[in-house]
Amino acid sequence: MNKYKEIEIGVLALQGDYECHKNQLELLKVRNRYVKLSKHLEKLDGLIIPGGESTTISKLINRFDLRDSLVSFGQTKAVWGTCAGMIMLASEIEENQAGVEPLELIDIVIARTAFGRQVFSFETELTLTLNGKNLKSQASFIRAPRIKRVGKNVNILATYNDEAVLVEKDNILASSFHTELENDTTLLEYFLNNLVDNLNK
Amino acid sequence: MIDYSNKEYKVKVGLAEMLKGGVIMDVINPEQAKIAEDAGATAVMALERVPSDIRSDGGVARMSDPDMIEGIKKIVTIPVMAKCRIGHISEARILESLEVDFIDESEVLTPADDVYHINKWNYKVPFVCGCRNLGEALRRIAEGAAMIRTKGEAGTGDVSHAVKHLREINSIMKSLTIMSDEELFGIAKNYQVSIDLVHTVAKTGKLPVPNFAAGGVATPADAALCMELGAEAVFVGSGIFKADNPSKRAKAIVAATTHWQDYTIVTDASRGLGEAMKGIQASDIPDEELLQTR
C-alpha cells in the first residue's frame, strides 16, 4: 500500500541537486514534479527547495517571478529547504555580500558557507530528534551554511557540535546539511508524515 | 580496490551535484567574476586567458597567478574553480592550498605530463576532467575525478564537438545497459578500466558522477542543446566575455540552461544579444592544433 498516494510534492528545480530529491521521492513512491515557474506550484501539497547556489536560486526566483507565489505557498503548505534551500527560507542572512534575498518563511539567521569552502566539506552521522525519537542519519555538509540565531518557537531537531543544524517551525523544515545524496529517506519521511500530512488532515 | 563510497569522495561528488542545472563561467578578473555572479552563474572558473585567446596567442598556457585567483575569491560568494595543467601535481597542490572549490585538470592548458594524469584521490579538493568518449570519462573517474565534462573544442565558439562528445558518451552508455557480461568485460579491456566501473555504468546507463558540457558554447540555444542532449550543467569559456554584451548574454545563457525545455523562455533569452563571439569552425582546425586530443 502506498501511504503517499494522495499527495504530490514539488522540487524547486531552478538550479541545484533537485534530481537527488526527486530520486528520494521516487524511492517512497511519492508523485512529484519540478517547479520552475509559479504555475507549477498549483495543487502541490509540499515543496522541497534543494541545495545548490543560493545566489543563483535567489536571482532566478526574482527573474522568473516566483517570489510572491513561493512566499504564499510557504504560508500554508509544507516546505523543506536543504542547504541553499535553508538559506532561501531564512528570515535574515549575515554579511550578505552577494545580495541573496531570502523568502523569510522561518525565523532563523544564516551565515552562508560558514562551515568553510569545499576543502572543509564533510560527511558525518547525526542524531535527529524526530517525534521524540532519536534517529541516526547520514548528513553531508557541503560548503554548508550555519544557523547563527534561532527565533523563539523554532524547534531544534538536530545539532552538530552544539549548533542547530535542523530546525522546524509549523510547516517549514530547514537543514544546513544534505540527506538526499544517499538512499536514507529518514528525514524525507519525517517531512512527509509530519509536515505535509498534518496540514491536509 | 578503489572505494567510491568513501566519505571524502562523496562530498566531492556532492558539490558537483549542487552545481547541476547551472552555468559555470570562465572569468579573467574580479570584474568579470562579479558580472558572472550577478548574471546567475553557479560558479566561476578563474583563468588568465580565455581559451580563444590561448588559442590565438599560442605559447605555453599555465595555471593562473595565485593573486588573481584570490582576488576573484574575495569578490564572489559562489564556488571558484581554477585550471591546472594535465599531470601537473604541483599546480594542483597550489590550487588546493588556495582553497579553490574545484580544480579543472584541463586540456585547455599545455599538458605537463603526456603519460599520466594527476592521482586525484590524493587531494581534499574535487577535480573535474574533460573527455571525448566513455573510455576517457571512466579513466578519469578511476583516477578520482568527481565531475566529468565534455572537452568539445575549447575557444572556438563552435558547439559541434561538444555535441559529438555528448552523443558519443550517451549512446555508448545506453548500449552498455543491454550488453552481456562477456561484452562488458570486452569494454573494460578496451577502455583499460575496472569491470566494476563498467558494471556501474551498465546498471544505470549513466556516469557515476555528474556529466557536464563544455567546449564551444556561445549562445542560449547552444546551452539548451547541451541540456537537451543529456548534459547536467554547462561550462561557458570564451562565449560570454568575447561577445558584445557579456552581462546580457550571461543572463540569457543561465535562463536557457534552467528552462531548456521551455522554448518560449529560450526564445526570449535569444533576442537582441548583439554579436556572439566570432569563433572558428572546429572542422577547419588542423588535427595537431586540436586541444581535445590532449
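A cavity is a set of grid points where a 1.4 Å probe fits but cannot get out. Keep that in mind for the exercises below, which work through a predicted model.

**Exercise 1. Find how many cavities of 30 Å³ or more the structure holds, and describe the lining of the largest cavity.**

Step 1: Start with the count. The structure holds 3 cavities of 30 Å³ or more.

Step 2: Turn to the largest cavity, whose volume is about 200 Å³. Its lining is made of 25 residues, and Pro51(B), Ala154(B), Ala214(B), Gly215(B) and Gly237(B) are the closest to its centre.

Step 3: Look for the elements behind that lining. In chain B, strands E1 (23-27), E4 (102-106) and E8 (234-236) and helix H11 (238-241) give two or more residues each.

Step 4: Sort the lining by class, which gives 10 nonpolar, 9 polar and 6 charged residues.

**Exercise 2. Work out which elements give two or more residues to the lining of the second largest cavity.**

Step 1: Set the scene with the volume, about 120 Å³.

Step 2: List the residues at the centre. Of the 14 lining residues, Gly52(A), Glu53(A), Cys83(A), Ile142(A) and Arg143(A) are the closest to it.

Step 3: Now name the elements: helix H4 (84-89) of chain A and H1 of chain B.

Step 4: Finish with the classes. The lining of the second largest cavity divides into 8 nonpolar, 3 polar and 3 charged residues.

**Exercise 3. Describe the largest pocket, and find which element gives the most to its lining.**

Step 1: Take the volume, about 1,000 Å³ for the largest pocket.

Step 2: Find the centre. The lining has 34 residues, and those nearest the centre are Leu181(A), Val13(B), Glu17(B), Pro208(B) and Val209(B).

Step 3: Go through the helices. Chain A supplies at least two lining residues from helix H1 (18-27), and chain B does so from each of its helices H1 (7-18), H6 (134-142) and H9 (195-204). The top contributor is H1(B), with 6 residues.

Step 4: Split the lining into classes: 15 nonpolar, 9 polar and 10 charged.

Step 5: Move on to the second largest pocket, with a volume of about 410 Å³. It is lined by 20 residues, with Glu19(A), Lys206(B), Gly230(B), Ala231(B) and Glu232(B) the closest to its centre. H1 of chain A and H7 of chain B give two or more residues to this lining.

**Exercise 4. Describe how chain A and chain B meet.**

Step 1: Count the residues in contact, 37 in chain A with 44 in chain B.

Step 2: Consider the area. The size of an interface is often given as the accessible area lost when the parts come together. Here the two chains bury about 3,100 Å² between them, and 53% of that lies on carbon and sulfur atoms.

Step 3: Pick out the main players on one side. Within chain A, the residues that lose the most area to chain B are Arg117(A), Gln118(A) and Val119(A), together 21% of what that side buries.

**Exercise 5. Decide whether His165(B) is buried or exposed, and find its partners.**

Step 1: Locate the residue, which sits in helix H7 (residues 160-176) of chain B.

Step 2: Apply the cut-off, under 20% relative accessible area for buried. His165(B) has 3% relative accessibility, so it counts as buried.

Step 3: Look at the contacts. Beyond its neighbours within four places in sequence, His165(B) touches Cys131(B), Arg132(B), Thr150(B), Lys151(B), Gly152(B) and Gln292(B).

Step 4: Check for a polar contact. The side chains of His165(B) and Gln292(B) make one at 3.1 Å.

Definitions and conventions. Residues are numbered from 1 along each chain as its sequence is written. Chains are lettered from A and ligands numbered from 1 in the order in which they are written. This is a predicted model: local features need pLDDT of at least 70, side-chain atom pairs count only at pLDDT 80 or more; totals for chains, interfaces and linings use all residues. Side-chain values use heavy atoms; hydrogens and water are left out. Helices (H or I, at least four residues) and strands (E, at least two) are DSSP runs, numbered from the N terminus. Buried means under 20% relative accessible area, exposed over 50%, partly exposed in between (1.4 Å probe, protein chains only). A polar contact is a pair of N or O atoms within 3.5 Å; within protein, one must be able to donate a hydrogen and the other to accept it, and residues adjacent in sequence count only if both atoms are side-chain atoms. Contact means heavy atoms within 4.5 Å. On a 1 Å grid over the protein atoms alone, a cavity is a set of points where a 1.4 Å probe fits but cannot get out, and a pocket is an open set with protein on both sides within 12 Å along at least five of seven lines; lining residues have an atom within 4 Å of a point. Grid points are joined across faces, edges and corners, and a volume is the space filled by probe spheres set on the points. Ala, Val, Leu, Ile, Met, Phe, Trp, Tyr, Cys and Pro count as nonpolar, Asp, Glu, Lys and Arg as charged, and the others, Gly among them, as polar. Buried area is the accessible area (1.4 Å probe) that two parts lose on being put together, summed over both.
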